[in-house]
Amino acid sequence: VTANDEGAMPSAEGKVNKEKIYKLERADNDKISLELWYRNGSDYVAKVTGEIIVPTGSSEYDGMLADNVAFAEKVGAMNLPEEIMQFSYDEVKLDNGYVRCSFAFTELDADNSDSVEMIAEFLGLPASDGYFKLSECEQYLQESGLQLDYEH
């Protein structure tokens, strides 16, 4: 990237202090909470945090568990510091059990296109040229049934 190209790059300056929280909760305790964080005045997502819970007995359970195991291995292989990419999952094997994953992916508006691509594959968020555009992510989440729960 040369100095001339920087105008096209999303801003990675300033504090990440704005957030939009999207949630989906179904009657069977299937829950998704996804937080898109961004910098004031930026059109790009700087950080994605959230939690996904799929209850035992759900048709998505086995796929979710397999996805979590595979994604945890990918995250481990990238060997990034925990402040940049944090991912964990746990499985509770009870009648009312669940598989739950929690994540925090940061520095996404810096030049971390490898991370963006991997996260896009895992969460389904649409990536544009190695970044997450806020408006595109919001549209995707709304079309997926998640509702804007909180905006700051």
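The chat below goes through the sheet, the helices and one residue of this structure.

Me: What kind of model is this, and what do its local features need?
Reply: This is a predicted model, in which local features need pLDDT of at least 70 and side-chain atom pairs count only at pLDDT 80 or more, while totals for chains, interfaces and linings use all residues. Residues are numbered from 1 along each chain as its sequence is written, and side-chain values use heavy atoms, with hydrogens and water left out.

Me: What order do the strands of the sheet have?
Reply: The order is 4-5-3-2-1-6 in an open sheet of 6 strands with antiparallel pairing. Strands (E, at least two residues) and helices (H or I, at least four residues) are DSSP runs numbered from the N terminus, and two strands pair if DSSP finds at least two bridges between them.

Me: And which are the edge strands?
Reply: They are strand 4 (85-92) and strand 6 (147-151), each of which pairs on one side only.

Me: Over how many bridges do strand 2 and strand 3 pair?
Reply: Strand 2 (residues 31-39) and strand 3 (residues 45-55) pair over 8 bridges in the antiparallel sense, and Y38 stands opposite V45 in strand 3.

Me: Switching to helices, what does helix 1 lie across?
Reply: Helix 1 (residues 61-78) lies across strand 3, strand 4 and strand 5 (98-105), and runs at about 145° to strand 4. Axes here are lines fitted to C-alpha atoms, for helices over the stretch in contact (heavy atoms within 4.5 Å), and angles run from 0 to 180 degrees between N-to-C directions.

Me: Which residues in helix 1 are buried?
Reply: Y61, M64, L65, N68, F71 and V75 are buried in helix 1, where buried means under 20% relative accessible area, exposed over 50% and partly exposed in between, with a 1.4 Å probe and protein chains only. Seen down the axis of helix 1, the buried residues fall within an arc of 135° (taken from the directions from the helix axis to the C-beta atoms), so they line one face of the helix.

Me: What covers them, and what does the face turned away carry?
Reply: The cover of these buried residues includes strand 3, strand 4, strand 5 and helix 2 (113-123), whereas the face turned away from the buried side carries the exposed residues D62, E73 and A77.

Me: New topic: where is V16 found, and what does it touch?
Reply: V16 is found in strand 1 and is partly exposed, with a relative accessible area of 27%. Not counting residues up to four places away in sequence, V16 touches W37, Y38, R39 and A46.
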